[in-house]
Amino acid sequence: MINVTKTFLPPQDEYQAILKRAWDTGWMTNRGILVQELESTLKTYLGVSNIIATTNGTLPLQIAIKALDLKGEIITTPFSYVATTSSIVWEGCTPIFIDINPDYLTIDETKIEAAITSKTTAILATHVFGNPCHVEAIEAIAKKHKLKVIYDAAHCFGVTYKSESLFNYGDVSTCSFHATKLFHTGEGGAMFTKNNELHMQLFSHHNFGHDGPERFHSLGINAKMSEPQAAMGLAVFPYMDSILKERKKIVDTYNKAFETTELKLFKIRKDTAWNYSYYPVIFKDEKQLIKIKQALEKHSIFPRRYFYPSLNTLPYIQQQSMVFSESISLRVLCLPLYAGLEIIDLNQIINIVKEELT
């Protein structure tokens, strides 16, 4: 079976050796030595000023909305994973969708300003498949209209834009460390901000609002990363260079194989050092996508319709027409991409896709 992705598992003895350090202390949660070490390691590697490791990648979105005291309407993208929209609704705000740029697949920054009303408090945009939004334009709009900016950067581990970590943009950026991601902690995530005061507020919110062991100075929930999660991250981290190199080779092979076909690939924004997080291909119509998906599945190859469906069609929100997002979500398919994908399997995927295109 070849899935769209495969969790990278470091040697078990290496993971166990790191975990034993927590075992020896008997400290499994509440920000033990491994969580603190992971944060320090990633802070240096990513080039960020502040990081808070969390137990998953969705809670940071919810905490960011709470910490920024957002109300009313939040402008967002319909082309993302459901957590982007559900976090807005969960926190009692209303998502206002803006269609996407059909080349970059990120929110169309040229359409944001027209959607701003007296109820608008923020922009929550997604760097799609690790591809940056037009961050300069969004920052200018936010500054002009006094809005907050949150970036769902779930796919952006290691991505830089103009030689700076993508996590350094916006008031808050979030990332997922889910097992399917480029870098993972089994389940986990993180949130980032350059604002030290906001960092302390985010920190408090993710730890029940504690101010020391016996006092509380704010509202909070439990979003803390555990020591076993951090141990996995510390065990995976030394392999990041080799993981990235392998994924790049696969992407380069796909690109070369499909360059003369009718498949549309998304465009990486200029000045971006991408991380090869996903390999989406866009077909001419949904019928063609289904045909090729079924052909791959007959050979136990399982790509993923991602992102699908367009989030403006979710049943718990007011429907809004989004031409590009709706069209692309029906036609986009992520092909298998992970460290360890054998060349024979990669060639089989390519051959099946090309044969079914004819």
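**Exercise 1. Count the charged side chains of the protein and locate the centres of the two sets.**

Lys and Arg count as positive and Asp and Glu as negative, with His and the chain ends left out. On that basis the protein has 36 positive and 37 negative side chains. Each charge is placed at NZ of Lys, CZ of Arg, CG of Asp or CD of Glu. The centres of the two sets then lie 3 Å apart.

The model is predicted: local features need pLDDT of at least 70, side-chain atom pairs count only at pLDDT 80 or more, and totals for chains, interfaces and linings use all residues. Residues are numbered from 1 along each chain as its sequence is written, and side-chain values use heavy atoms, without hydrogens and water.

**Exercise 2. Describe the overall fold dimensions.**

Start with the elements, which are DSSP runs (helices H or I, at least four residues; strands E, at least two) numbered from the N terminus. There are 11 helices and 15 strands. The radius of gyration, taken over C-alpha atoms, is 21 Å, close to the 21 Å from the globule rule for 358 residues, so the protein is as compact as a globular protein of that length. The globule rule is 2.2 Å times the number of residues to the power 0.38.

**Exercise 3. Place strand β9 in its surroundings.**

First, cover: 5 of the 5 residues of β9 (172-176) are buried, meaning under 20% relative accessible area with a 1.4 Å probe, protein chains only. V172, T174 and S176 point one way, S173 and C175 the other.

Next, partners, where pairing requires at least two DSSP bridges. Strand β6 (148-152) pairs with β9 in the parallel sense over 3 bridges, with Y151 opposite S173. Strand β10 (189-192) pairs with β9 in the antiparallel sense over 4 bridges, and G189 stands opposite S176.

Methods: Buried < 20%, exposed > 50% of the residue type's maximum accessible area, 1.4 Å probe, protein only.
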